[in-house]
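Here are a few short exercises to work through with your viewer open. Try each one yourself before reading its solution.

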Amino acid sequence: MKNDIVLAGVGGQGILTIAAIIGQAALKAGLNVKQSEVHGMAQRGGAVLAHLRLSDAPIHSDLISQGTADIVLAVEPMEALRQADALAPQGVVLANSRPVQNIGDYPDLETILAALRAYPRHVVIDADGMAQEAGSSRAMNMVMLGAISPFIDVPANYMTDVIEATFARKGAEMVAVNFKAFEVGRAAGLAIA
Amino acid sequence: MLQKLLLGDEALAQGALDAGLSGCYAYPGTPSTEILEYIQTSSEAEERKVHREWSSNEKVAMEEALGMSFAGKRAMVCMKHVGMNVAADGFVNSAVTGTVGGLLVVAADDPSMHSSQNEQDSRFYSQFAMIPCLEPASQQEAYDMAAYAFRLSESLEEPILMRLTTRLSHSRANVTTGKAQPENGLNPPNAKPGRFVLLPGIAKRNYEKLCAKQQTMVDSSDASPFNRLEEGTENRYGIIASGIGYNYVQEAFGGKCPYPILKISQYPLPTRLLSRLLERCDQIMVVEEGMPFIEQQLRGPLNPTGNIHGRLSGDLPRTGELTPRHVAEAFKLPVPNTTPLSPLVKVRPPRLCDGCPHVDSYKALNAAIADRPGANVFGDIGCYTLGALPPFSAISSCVDMGASISMAKGAADAGIAPAIAVIGDSTFTHSGMTGILDAVWENSPITVLIVDNGTTGMTGGQASINNGRLEDICKGLGVAPEHVRIITPLPKNHEENVKVLLEEIDYQGLSIVISRRECIQTLRRKARK
């Protein structure tokens, strides 16, 4: 098996948190992991990108080639479209529909969302709104993590274990909010998985 | 035996700790920063009191590490590739003095210039200094190579350069760690070798010894556990793949490459392994990340038979990072079709954070020079380099650490008026202070705006080691105290800040304006704690 995942977003949105939780859970599941990140200048409010590869066989490259990714997960809709080139023909687009409009010429949102919905396998959700309902808009990443969970070969309870370990020091309530965010995201993902 | 998910930088750091490291020295720089950061947060390093503070610049770090090696202990010095230019004096001469305790010099290259001003390839530095270079292909190799490098350094009595690249430094993978070894003891004082005194008579002898070691270094590369010739089933091509280029070859062929592959992770080039490949293959494809270091050595200036392929021949792109796709295309393997980027996708460049003090500094500066049409603003390296982009479009240069001040002075010498430098607090203590001395000596009519956010911001908020004493440092360097001014970059102070800047810009001598407010990122991080 292999899961090649391209993660995209805007600097500061925290795509590396998603990648780190999947990575830790995959390590626990005995899988090989390679996760390439971007640090430094690009992190300052610009477009950011991470490649995450999981496999039960050795993984050679830290980078995923264009046209071969199984999943593009984006926490921002225009950034999903920016990485769409990475996707294999039957690949899945998972995108947060909530835009980060920190540039002057941000295109029409509905046109972007329509372009994302044109992919045969897509989950386009208001992850910010769903997180807010779950108890905290800061749990947006956990909604997206939940949404990707049915598509990757790592047991969901391994991921929730890592979520618990990650948020434990912030208290039981914070863990519960993140669990809830994960669950609503997972339900959205399962709808097309 | 423990398996962890580590960045290449972290794997190397853990490897060095497990190999009996006594001190790590570094100045932050992408993509090398996480090496020392890992050691700073390591409980083992804490227990053992491994040296792990930031240094003021890469040259200082290099010399501190050499001092620790002189004392017999294992030391590591880490920097980004352009940091090698700063450290070069000490680095090249450390090969002439030789070392005592193992000395590992780590340069993290940034091909594609994700966060850099050029894509220089540090392997050339190892050739220049005539010492071995290690180039790991995986995070596991980065871990394993640390102990190997210290042993190699101690057996050759020479420093070892390790070259990392962005995609290894900043990629995580499973790493199996081993047992920790004890640190070296202190070199007894009566054993201090005279070879560290590079007077011409001694330096000449040392240099001859260094030349005499070259064959030993080649032999070591031929016997290296990190270099190997993998047999193929077809000899139409022979592949030389170095560092992470090896991974891209394996990826492109799905792990089933039909051609022999010479994997290179230790230099100088292993001549016996290389001969075996060249004897059996007509055409050679060199797959290397960065500049055409191996390819250039193999083809020479003429490449008479045209059989050496790579970045110079055009089979692979001349610039930028490699990808598995580049390798697949070079071998004419099928690759998926790509779709052009949707016109809906707009450029989203990096920008200064909301609430960043630099925003208010640039607003004040732009207002101050609005009716000074002759003004030129020389920038420097840091978050504030983003002041070059709209909406500020405030600076007209960014070259190297400290260049803002020296370039402003040179431009003022030529008649540019007013000439203004913008430099961060950490960059100032890295390489700005010496430029100030020249400007003091000549009382050059320049204004230096030190944007003091109390941290090394661009690389993630590392310590800036001026201890909040920038004004004292400037006065100590000889700047007239009445022309060392301090402003607080906040919207409510805008008018006042413009006034102070104008007074100093119009002063016909050296003036310094320290614009001081804490980085919004470090402030937030403290608030969360």
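The exercises below concern a predicted model and move from a sheet to the contacts between two chains.

**Exercise 1.** Trace the order of the strands in the open sheet, and find its edge strands.

*Solution.* Begin with the order: 8 strands run S6(A)-S5(A)-S4(A)-S1(A)-S3(A)-S2(A)-S7(B)-S1(B), with mixed pairing. Next, look for strands that pair on one side only: these are strand S6 (122-125) of chain A and strand S1 (2-7) of chain B. Finally, follow the twist, which averages 20 degrees from one strand to the next.

**Exercise 2.** Work out how S7(B) pairs with S2(A) and with S1(B).

*Solution.* Take S2(A) to start with: S2(A) and S7(B) are antiparallel and share 3 bridges. Here A:Gln35 stands opposite B:Arg172. Now turn to S1(B), which is also antiparallel to S7(B), residues 171-177, and is joined to it by 6 bridges. Within this pair, B:Leu5 has B:Asn174 as its bridge partner.

**Exercise 3.** Which strands does helix H1 of chain B touch as it packs on the sheet?

*Solution.* Locate the helix at residues 8-18 of chain B; S1 and S7 of chain B are the strands it touches. Then compare directions: that of the helix makes about 130 degrees with that of S1(B).

**Exercise 4.** Describe the side of chain B that touches chain A.

*Solution.* Count the contacts: 40 residues of chain B meet 40 residues of chain A. Then list the elements giving two or more residues to chain B's side: S1, S7, helix H11 (245-252) and helix H14 (324-330). Lastly, sort that side by class, which gives 17 nonpolar, 16 polar and 7 charged residues.

Definitions and conventions
Residues are numbered from 1 along each chain as its sequence is written. Chains are lettered from A and ligands numbered from 1 in the order in which they are written. This is a predicted model: local features need pLDDT of at least 70, side-chain atom pairs count only at pLDDT 80 or more; totals for chains, interfaces and linings use all residues. Two strands pair if DSSP finds at least two bridges between them. Helices (H or I, at least four residues) and strands (E, at least two) are DSSP runs, numbered from the N terminus. Axes are lines fitted to C-alpha atoms, for helices over the stretch in contact, and angles run from 0 to 180 degrees between N-to-C directions. Two residues are in contact if their C-beta atoms, placed from the backbone, lie within 7 Å. Ala, Val, Leu, Ile, Met, Phe, Trp, Tyr, Cys and Pro count as nonpolar, Asp, Glu, Lys and Arg as charged, and the others, Gly among them, as polar.
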